[in-house]
Amino acid sequence: MAERKIPLRKCIGCGEMKDKRTLVRIVRNKEGEISVDLKGKKPGRGAYICRDIACLDKAQKARRLERAFSAQIEPDIYDAMRRELGE
């Protein structure tokens, strides 16, 4: 019997391909609201990031979330993400 394929996703912070279950999904819904999706089930466009504050800082500095979602992201949204990632 063949082994199950492990879904991989690319972290927008460090750029490494990792197991989807080890990453946190960030979602932009139809209304344009951006939130952290810890369960991975929210509807909308998703981007993945490591559970590491350093990766979030890299993504913020390079404006990778803005590019992924084609939207302006306010600093308070990054602060909320930091709290949820456990800074």
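This text leads the reader through a predicted model, from its nonpolar core to a pair of helices and then to a loop.

The largest nonpolar core is a suitable place to begin. It consists of 22 residues, and those with the most contacts inside it are Ile26, Ile49, Leu65, Phe69 and Met81. Strands and helices both contribute to this core: β3 (23-28), β4 (34-37), β5 (45-50), α1, α2 (64-69) and α3 each provide at least two of its residues. In soluble globular proteins, nonpolar side chains tend to be buried together.

Phe69 may be followed further. Apart from its neighbours within four places in sequence, Phe69 is in contact with Ile26, Val27, Arg28, Ile34, Arg45, Gly46 and Ala47.

Attention now turns to two of the helices. Helix α1, residues 53-61, packs with helix α3, residues 75-85, at an angle of about 165 degrees, and their axes are 10 Å apart. Because angles over 145 degrees count as roughly antiparallel, α1 is described as roughly antiparallel to α3. The crossing of the two helices, α1 and α3, is right-handed. On the side of α1, the contact is made by Ile53, Leu56, Asp57, Ala59 and Gln60, while α3 contributes Tyr78, Met81, Arg82 and Leu85. Six of the residues in this contact of α1 with α3 are nonpolar, one is polar and two are charged.

The loop between β3 and β4 contains Lys30. With a relative accessible area of 86%, Lys30 is exposed, since the term applies over 50%. Between Lys30 and Pro43 the separation is 13 residues in sequence and 8.5 Å in space, C-alpha to C-alpha.

Note on methods: Residues are numbered from 1 along each chain as its sequence is written. This is a predicted model: local features need pLDDT of at least 70, side-chain atom pairs count only at pLDDT 80 or more; totals for chains, interfaces and linings use all residues. Side-chain values use heavy atoms; hydrogens and water are left out. Axes are lines fitted to C-alpha atoms, for helices over the stretch in contact, and angles run from 0 to 180 degrees between N-to-C directions. Helices (H or I, at least four residues) and strands (E, at least two) are DSSP runs, numbered from the N terminus. Angles under 35 degrees count as roughly parallel, over 145 as roughly antiparallel, 65 to 115 as roughly perpendicular and the rest as oblique. A crossing is left-handed if the near helix is turned anticlockwise from the far one by less than a right angle, and right-handed if clockwise. Contact means heavy atoms within 4.5 Å. Ala, Val, Leu, Ile, Met, Phe, Trp, Tyr, Cys and Pro count as nonpolar, Asp, Glu, Lys and Arg as charged, and the others, Gly among them, as polar. A nonpolar core is a set of buried Ala, Val, Leu, Ile, Met, Phe, Trp, Tyr and Cys residues joined through side-chain atoms within 4.5 Å. Buried means under 20% relative accessible area, exposed over 50%, partly exposed in between (1.4 Å probe, protein chains only).
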